[in-house]
Amino acid sequence: MKQIVFVPSAITSTEGTSATVLPRKSIGAENSFAEDLSDEETIIIKLQQIAVTLKKRIDRHQASGRTLTLKVKFSDYQQVTRSRTFENCINSLDTIITEAVRLLEVVELEDRSIRLLGISLSNLDNQNKLQIVQLSLFE
């Protein structure tokens, strides 16, 4: 009996037979917080840390993308996303941070605390590249 193992962006057989590899459609990073965030300065610091993780993943995939998406989940588990699509591909850390903060500014926080923040990049320039990449468990 063949055993099939799921790997992000790919399906492969453990017996070394042919594999179907799918192109990556987005690259993202997010963080759930043990304590909800309500202080604006702390929220921005956490957003910057998530952007650094995203940048490392973008670099590892040698990718850039046109659409940046911010994901915010509140302590009541309501979730909102905001995105911006650029004319040209982006991949610089400064641009990611600046635009993520701009997207956060249009989210109506209404004195609610944040449980999770995430940033993703899509409309990647590597749509024709096929990749098999194993993410680190502790990144």
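Let me begin with the inside of this protein, where the largest nonpolar core has 30 residues, and where Leu47, Leu68, Leu70, Val72, Leu117 and Ile119 are the ones with the most contacts inside that core. Two or more residues of this core come from each of the following elements: β4 (26-37), α1 (40-61), β5 (65-74), β6 (79-90), α2 (93-105) and β7 (114-124). Please keep in mind throughout that what we are looking at is a predicted model.

Leu117 is a useful residue to select on the screen. Leaving aside residues up to four places away in sequence, Leu117 touches a list of partners that includes Ala29, Phe33 and Leu37, then Ile43, Leu47 and Ile50, and also Lys71 and Val72.

With the core in mind, let us step back to the whole chain. There are 2 helices and 7 strands, and reading along the sequence gives the pattern β-β-β-β-α-β-β-α-β. Of the 139 residues, 35% count as buried, while the chain exposes about 8,600 Å², of which carbon and sulfur atoms supply 47%. If we take the contacts with a separation of 6 or more, residues 24 or more positions apart account for 73% of them.

Now to the sheet. Which strands make it up, and in what order do they stand? The order is β4-β7-β5-β6, an open sheet of 4 strands with antiparallel pairing. Its edge strands are β4 and β6, each of which pairs on one side only, and from one strand to the next the twist averages 10 degrees.

As a reminder for anyone new to such folds, strands of a sheet pair through backbone hydrogen bonds, in either a parallel or an antiparallel way.

Let me follow β5 along its two neighbours. On one side, β5 and β6 run antiparallel and are joined by 8 bridges, with Val72 standing opposite Val80 in β6. These two strands form a hairpin with 4 residues between them, and in the turn Tyr77 has a positive phi of about 70 degrees. On the other side, 9 bridges join β5 to β7, again running antiparallel; here Phe74 stands opposite Ile114 in β7, and Gly65 stands opposite Leu124 in β7.

How do the helices meet this sheet? The helix α1 lies across β4, β5 and β7, and runs at about 155 degrees to β4. The helix α2 also packs on the sheet, where it touches β5, β6 and β7, and its direction makes about 45 degrees with that of β5.

Finally, I would like to point out two residues in the loops. Gln62, which is found in the loop between α1 and β5, has a positive phi of about 50 degrees although it is not a glycine. Is Gln62 buried or exposed? Its relative accessibility is 61%, and because that is over 50%, Gln62 counts as exposed.

The second residue is Asp111, placed in the loop between α2 and β7, where its phi is near 60 degrees, a positive value in a residue other than glycine. Asp111 has a relative accessible area of 85%, so it is exposed as well.

To close, I suggest going back to Val72, which is among the residues with the most contacts inside the core, which stands opposite Val80 in β6, and which is touched by Leu117.

Terms used: Residues numbered from 1 in each chain as written. Predicted model: local features only at pLDDT ≥ 70, side-chain atom pairs only at ≥ 80, totals over all residues. Heavy atoms only, no water. Buried < 20%, exposed > 50% of the residue type's maximum accessible area, 1.4 Å probe, protein only. Contact = heavy atoms within 4.5 Å. Areas by Shrake-Rupley, 256 points an atom, 1.4 Å probe, with all protein chains shown as cover. Core = buried A, V, L, I, M, F, W, Y, C linked by side-chain atoms within 4.5 Å. Pairing = 2+ DSSP bridges. Axes fitted to C-alpha atoms, helices over the stretch in contact; angles between N-to-C directions.
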